[in-house]
Amino acid sequence: MPPIIPLATYRLQFTAGFDFDKATEVVPYLGALGITHLYASPLMKARRGSTHGYDVVDHGRFNPELGGEAGFARLSAALKRHDLGLILDFVPNHVGVHFAENPWWLDVLEWGPASPHAVSFDIDWDQLPYRARGGVLLPILGSAYGEALARGEIELRYDPAEGSFSAWYFEHRLPIAPERYDEMLRMIVKEADAAEDDAGKQMLELAARYRGLRHPTRKEAPVFRAALRTIDGAADIIERGLAAYRTGKDRPSQTLALHRLLERQHYKLGHWRLASSDINYRRFFDVNGLAGLRVENSGTFKAIHRLVEQLIAEGRLQGLRLDHIDGLRDPAQYCRRLRHLVRGAQGGAKPFYTVVEKILWEDENLPRFAGIHGTTGYE
C-alpha cells in the first residue's frame, strides 16, 4: 500500500495524445524513481480537444478522449501492481459551457429556470438588458448580433434522431425551447407547401395538440419528439421548410422570423465584448466559457462528486487536489461536506490526503478547513 501522506509525487498532464494507456506505460518507471503517488490532471469528461481538462463538461464520466472507464481501469490496475497511489486534480467550482457538450448547460438553455439544473448555476435571470423576457446572456458572437444574423451565421437545424430543433452559431449549439415547436412546425409546413401531404397533415395535427402557453411541458416534450420522429416524411418536409428561417443577404422576412424565434428563447446572443458589462451568470474569473457551479447546493455537490465517491470506495483514489477553492461561495462548508463524503466512502474516519489550491497573501494563513492537509504552494 502507498503511504497515506505522499513522499514523492509526479504530475501527468493527460490529453488525447497522452491518454490512460500512455500513462500506464510509464507507471513502472515512476515506481523505479521512488514516486509514491501519481498526481493526475483532471480526468473527468472535458470539452472535446481540451489540452488541460479544467473545462469539465460532465463530472460523472471519465474523459472518453483519454480512454474512458476501460482505459482508467487499466491505469488503476498498473498503479496497484506497482504500489502507487493516485491523487486527482478535481474541479469543484466550475464547468465548461457554450459549444455543444455540457448536458446541464444545454438543458438550462432549453428550459430556462424550469430546468432541474438551473439551481446549479448562478444566473440572474431578470438582469437581461434591452429585453422584456428574462434569460441568460451568451456572449459568443464575433460580431454584433444583427450582423451575425444578417450574414447567415446563425442557423436553425433539426436533429431527426432526437426530434429536436437547435440554432447553431458555428460550433455552439443553442437548443430551441419546445414550447415554440408548434409555431415552428406550422411555418415549416407552409414554407414547404406540404399542408396537403399526409406527413404535413400529421405534423400540423401534432402541433395543434400542444398549442398554448408552455406546451409541450417538460413531461410532454419527449412524447412530442417521439411522435415527430415517427412521421414518415417529416424530416424531408422540415429540411425544406427550414428555409423560412434561413437568413442572409436580401432575405429580410426570414431574418425577422429567426430573430423573433431567438427573442423567445431562454437566452440572448451577444457580442463577446458584452461580457464585461452585461454578463448575468457567474464565471470562473472572467472566462466566459467556464460557468461557476453552486456547489453549496447539496444536490449539485452530490452529483459532481458521485464518481469521486465511487473511486474512493473502491480504493482506486488516495488523494485530491482541489482546484481554486477561492471560487467557492463557502469553502469551509464544502470541506466539511467533502470530509463527510470521504468518510462514508471509506467506511470510517481514516486519513485521506487532500490539498487545496488556495492563493495566500503575504501575511495570510490557511484557514482550518476540515480534512485539508495544506495548500499546493501559491504563497
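Visitor: Does Arg 151 count as buried, exposed or partly exposed, and at what relative accessibility?
Guide: The model is predicted, and its residues are numbered from 1 along each chain as its sequence is written. Local features need pLDDT of at least 70, side-chain atom pairs count only at pLDDT 80 or more, and totals for chains, interfaces and linings use all residues, while side-chain values use heavy atoms, with hydrogens and water left out. Buried means under 20% relative accessible area, exposed over 50% and partly exposed in between (1.4 Å probe, protein chains only). Arg 151 therefore counts as partly exposed, at 49%.

Visitor: Which residue forms a salt bridge with Arg 151?
Guide: A salt bridge is a side-chain nitrogen of Lys or Arg within 4 Å of a carboxyl oxygen of Asp or Glu. In the pair of Arg 151, the closest N and O atoms are 3.9 Å apart. The partner is partly exposed, with a relative accessible area of 44%. That partner is Glu 147.

Visitor: How many residues apart are Arg 47 and Glu 101?
Guide: Their side chains meet in a salt bridge at 3.8 Å, N to O. Arg 47 lies in the loop between strand E3 (44-46) and strand E4 (56-62), and Glu 101 in the loop between E6 and helix H3 (103-111); helices (H or I, at least four residues) and strands (E, at least two) are DSSP runs, numbered from the N terminus. Arg 47 is partly exposed at 28%, whereas Glu 101 is buried at 14%. The pair links distant parts of the chain, with a separation of 54 residues.

Visitor: Arg 294 and Asp 122 also meet in a salt bridge; how many residues apart in sequence are the parts this pair ties together?
Guide: The N to O distance of the pair is 3.5 Å. Arg 294 is buried at 19%, and Asp 122 is partly exposed at 28%. Arg 294 sits in the loop between E13 and helix H11 (298-304) and Asp 122 in the loop between H3 and strand E7 (136-141), so the separation is 172 residues.

Visitor: Which are the edge strands of the open sheet of six strands?
Guide: The order of the sheet is E1-E2-E5-E14-E15-E16, with parallel pairing; two strands pair if DSSP finds at least two bridges between them. Each edge strand pairs on one side only. The edges are strand E1 (9-12) and strand E16 (374-375).

Visitor: Which residue of E15 is the bridge partner of Arg 321?
Guide: Strand E14 (residues 319-322) is joined to strand E15 (residues 353-356) over four bridges, and to strand E5 (residues 85-90) over four bridges. On the E5 side, Asp 89 stands opposite Arg 321. Leu 320 is partnered in E15 by Thr 354. For Arg 321 the partner is Val 355.

Visitor: Which residues of E14 are buried on the side away from Gly 319 and Arg 321?
Guide: In a regular strand the side chains alternate between the two faces of the sheet. Both faces of E14 are covered, with Gly 319 and Arg 321 buried on one side. Buried on the other are Leu 320 and Leu 322.

Visitor: In the hairpin of E12 and E13, which turn residue has a positive phi?
Guide: Strand E12 (residues 283-284) and E13 run antiparallel and are joined by two bridges. Phe 284 stands opposite Val 287, and two residues lie between the strands. The one with a phi of about 50° is Phe 285.
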